[in-house]
Amino acid sequence: MSIVNEELPIATGHSRSRTQADDNLKLEPVKGSVLIVEDDPAHRELLVELLTQWGYAPLPVGSAEEAEFAVRNKRMDAAIVDVFLPGRSGTNLMARLREKFPQAVLIGVSAMSDASMARKCKGLGADLFIGKPLAPEKLAQALQSRHNSWH
């Protein structure tokens, strides 16, 4: 004896409007968590807004010490780290983040955007370096890039 498992449509008077309403409520899945380490509150807030609009889950902090505490027990898919931070430097933080999150995309940022700073950041584990002011399209491309370990 076999049992036929057949789904029967349930007729309700609201099926059409309910489907349309459900379609409007669908949210895109979060693309990943992004640590934002920026000591300037205005820049930090701008990054939070951009990342939220793009579907990321931002984790904003103002120092290297706060960053290490924030990701102590959390997953991080990417990080945007200001190179010059009060207290411990962003470059040292990037090296520590690279050790803990080898597959994460690490992006160093600084207003002092010259070739030597980019080389220094890459040498410490950053995948990319972007000068300030940040161009949103460059940041979006950087976050979508795949991590290629070359260090």
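**Close-up views of a predicted model**

**View 1. Strands β1 and β3 lie side by side.** Strand β1 (residues 33–37) and strand β3 (residues 78–82) run parallel and are joined by four bridges. To find your place in this pair, look for Leu35, which stands opposite Ala79 in β3. Please keep in mind that everything shown here belongs to a predicted model.

**View 2. Five strands come together in an open sheet.** Stepping back a little, you can follow the strands in the order β2-β1-β3-β4-β5, with parallel pairing. At the edges are β2 (57–61) and β5 (128–131), each of which pairs on one side only. On average, and with direction ignored, neighbouring strands of this sheet are turned by 20 degrees against each other. The chain has six helices to go with its five strands. Along the sequence they follow the pattern α-β-α-β-α-β-α-β-α-β-α.

**View 3. Strand β4 is mostly covered.** Five bridges join β3 to β4, and these two strands run parallel. A handy landmark is Ala78, which stands opposite Val105 in β4. How many of the residues of β4 (residues 105–110) are buried? The count is six of its six residues. Both faces of the strand are covered. On one side you will find Val105, Ile107 and Val109, and on the other Leu106, Gly108 and Ser110, all of them buried. For the wider setting, buried residues make up 36% of the 151 residues in the chain.

**View 4. Helix α4 carries Arg98 and Ala95.** Arg98 has its place in helix α4 (residues 90–100). Is Arg98 buried or exposed? Its relative accessible area is 10%, so Arg98 counts as buried, the cut-off being under 20%. From there, the side chain of Arg98 reaches two backbone oxygens: that of Phe101 at 3.2 Å and that of Pro102 at 3.0 Å. Ala95 lies in helix α4 too. With a relative accessibility of 23%, Ala95 is partly exposed, because buried means under 20% and exposed means over 50%. Look also for Lys122, which is 27 residues away from Ala95 along the chain. The C-alpha atoms of Ala95 and Lys122 are separated by 9.6 Å.

**View 5. The largest pocket has a volume of about 190 Å³.** Which of its 16 lining residues are the closest to the centre? They are Lys31, Asp77, Ala78, Val105 and Leu143. Two of these names may be familiar from View 3, where Ala78 stands opposite Val105. By type, the lining of the largest pocket divides into nine nonpolar, five polar and two charged residues.

**View 6. The second largest pocket holds about 150 Å³ of space.** Its lining is made up of Glu38, His43, Leu46, Leu47, Leu50, Lys132, Pro133, Leu134, Pro136 and Leu139. Two helices, α2 (41–53) and α6 (136–144), each supply at least two residues of this lining. Which element gives the largest share? That is α2, with four residues. Sorted by type, the residues that line the second largest pocket are seven nonpolar, one polar and two charged.

Note on methods: Residues numbered from 1 in each chain as written. Predicted model: local features only at pLDDT ≥ 70, side-chain atom pairs only at ≥ 80, totals over all residues. Heavy atoms only, no water. 1 Å grid on protein atoms, 1.4 Å probe; cavity = no way out; pocket = protein on both sides within 12 Å on 5 of 7 lines; lining within 4 Å. Points joined across faces, edges and corners; volume = space filled by probe spheres on them. Nonpolar A, V, L, I, M, F, W, Y, C, P; charged D, E, K, R; others polar. Buried < 20%, exposed > 50% of the residue type's maximum accessible area, 1.4 Å probe, protein only. Polar contact = N/O pair within 3.5 Å; in protein donor to acceptor, adjacent residues only side chain to side chain. Pairing = 2+ DSSP bridges. Axes fitted to C-alpha atoms, helices over the stretch in contact; angles between N-to-C directions.
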